[in-house]
Amino acid sequence: MKRRTLLKGAAATTALGAIGMRRPQKSAAARRVRLIQQELPMYEIESFFVSDTFVVDNGQNFRGIPRDISNDGTICGEIVSNGLLTPVTWDASMTMRVLDMGKYIGNSASVLFVNDGGRAAGSLSRVGTFRTEDQAIASANASTAPDPFLVWDDGLLNAELLASMPAEYFFNSLAESGTLAGGAGELPARWVDDLYEAVTMPAGFQTGGARSQAPSGDMAGTLYMTEEPLVGGIPFIWRTTGEVELQQPPGKDDPQWAGRLQVFGFQDDGSFVAVVRGLNDLYGRAIRYAADGTQTPMADLNGEGMFVRDANASGTMVGQSMLNGYSIPTLWTNDQPIAIADLIVPGPDLLLLEVNGLNDSGVLVGEAQDSAGMAHHVILRPV
């Protein structure tokens, strides 16, 4: 399976052409915005890093982005330094820390998740990776394999944990407890107290991954009947006791439907959201699964498609929705969408392009652009 499709968000590239600005409202949309705003805070937007350096790789420009924020205000992401994507964190005072790369020094890496306990997780990136000529030839002749995923504790690479990993492992989420969810080979997997456990694959399914973690420790994820192409995706629930509970296919899809399914916002009440996309689609649709299996379609901004990047403990989600052909940073509260730009108070010369993470206090991190075209790592705080 192409594990990059399982990462939280896209690679560290330029944003998806969002406008993200205030815009005239049609009557129905305006009423919806006013109703939602009555229940939501407004946000101040602040730049905490100017992303003015690129790595050029295979004809594309790559730069770091902020990807996640913990409840204590720690932000993780990447910057470009010495021609590499460099994994970093910022503490609540916005002091930046470059993370230890151990034996992987000289390689690019991304930090995808961070928690209050000082743990972060991410992956190596082939973008800007330093290789000798012999290594490049060997890599070209080798079979394709997922990039190694990494774990840092208090800024230091956890070499002991990484040395114990099974073959072809990957991470999809990191809990406050330090538990990692993802997969190994074809099997959904989790690491509780750094001990590895894999799902016993139900009959008829070939591959999948664990993703969303409820506060109780139960997990939700996706199973597929085949790997390439991904066919027959369904959500599953994986209890702390080991039981696996299969859910129905999304919407009215035939059990043999082809496409990607990702689960977000798994709650202790058994509810979660499944985001469903075609095999080659960036945007798709979302469905709320209740504890009894009832499925309720969720709205995007204009019926043009959406995807989710993160969810917090209250079930609030952030991601992108298409609106008149533009990709708009979007927040869902009570499963209702609103353009995040409509919640930003007047302030700096910054056009919000994307939001990648939020914490349980509703603080957001993402990317913006100023009128000169300069990219900024930004934080949005409720006021």
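**A walk through a strand-rich model**

Thr179 is buried, with a relative accessible area of 8%. The cut-off for burial is under 20%, so Thr179 qualifies. This is a predicted model, and Thr179 is the starting point for a tour of it.

Thr179 does not sit in a strand. Its place is the loop between strand E12 (169-174) and strand E13 (180-184). Within that loop region, the side chain of Thr179 makes a polar contact of 3.0 Å with the side chain of Ser177. Leaving aside residues up to four places away in sequence, Thr179 touches Ser173, Leu174, Trp191, Val192, Gln213 and Met219.

Two names from this neighbourhood lead on to the aromatic residues. Trp191, a contact of Thr179, belongs to an aromatic cluster with Phe149, Tyr169, Phe171 and Tyr196. Strand E12 spans residues 169-174, and Tyr169 and Phe171 are both buried.

Now the aromatic pairs. The count comes to 9. One of them joins Tyr169 and Phe171: the ring centres are 5.5 Å apart and the planes meet at 45°, so the pair is tilted. The reasoning needs the limits: planes under 30 degrees apart count as stacked, and over 60 as edge-to-face. Another pair joins Tyr283 and Phe307. Here the centres lie 5.3 Å apart with the planes at 50°, so this pair is tilted too. Tyr283 lies in the loop between E21 and E22, while Phe307 lies in strand E24 (residues 306-311), so the pair ties together parts that are 24 residues apart in sequence. Both partners are buried: Tyr283 has 17% relative accessibility, and Phe307 has a relative accessible area of 7%.

The loop that holds Tyr283 leads to a sheet. Which strands form it, and in what order? Four strands make an open sheet in the order E20-E21-E22-E23, with antiparallel pairing. Its edges are strand E20 (260-264) and strand E23 (295-298), and each of these pairs on one side only. From one strand to the next, the twist averages 30°. Strands of a sheet pair through backbone hydrogen bonds, in either a parallel or an antiparallel sense. Strand E21 (residues 272-277) and strand E22 (residues 285-289) pair in the antiparallel sense over 5 bridges. Within that pairing, Val275 stands opposite Ala286 in E22.

A second antiparallel pairing is found earlier in the sequence. Strand E4 (residues 66-69) and strand E5 (residues 75-81) pair over 3 bridges. Asp68 stands opposite Cys76 in E5. E4 and E5 form a hairpin, and 5 residues lie between them. In the turn, Gly73 has a positive phi of about 95°.

Step back to the whole protein. What is its make-up in helices and strands? The protein has 3 helices and 30 strands. Of its 383 residues, 54% are buried, Thr179 among them. How many contacts bridge long stretches of sequence? Of the contacts between residues at least 6 apart in sequence, 52% join residues at least 24 apart. The pair of Tyr283 and Phe307 ties together parts separated by 24 residues. The surface completes the picture. The protein exposes about 16,500 Å², and carbon and sulfur atoms supply 52% of that area.

Terms used
Residues are numbered from 1 along each chain as its sequence is written. This is a predicted model: local features need pLDDT of at least 70, side-chain atom pairs count only at pLDDT 80 or more; totals for chains, interfaces and linings use all residues. Side-chain values use heavy atoms; hydrogens and water are left out. Buried means under 20% relative accessible area, exposed over 50%, partly exposed in between (1.4 Å probe, protein chains only). A polar contact is a pair of N or O atoms within 3.5 Å; within protein, one must be able to donate a hydrogen and the other to accept it, and residues adjacent in sequence count only if both atoms are side-chain atoms. Contact means heavy atoms within 4.5 Å. Accessible areas come from the Shrake-Rupley method with a 1.4 Å probe; for residues, only the protein chains shown count as cover. Two strands pair if DSSP finds at least two bridges between them. Axes are lines fitted to C-alpha atoms, for helices over the stretch in contact, and angles run from 0 to 180 degrees between N-to-C directions. Rings of Phe, Tyr and Trp (its six-membered ring) pair if their centres lie within 6.5 Å; planes under 30 degrees apart count as stacked, over 60 as edge-to-face and the rest as tilted.
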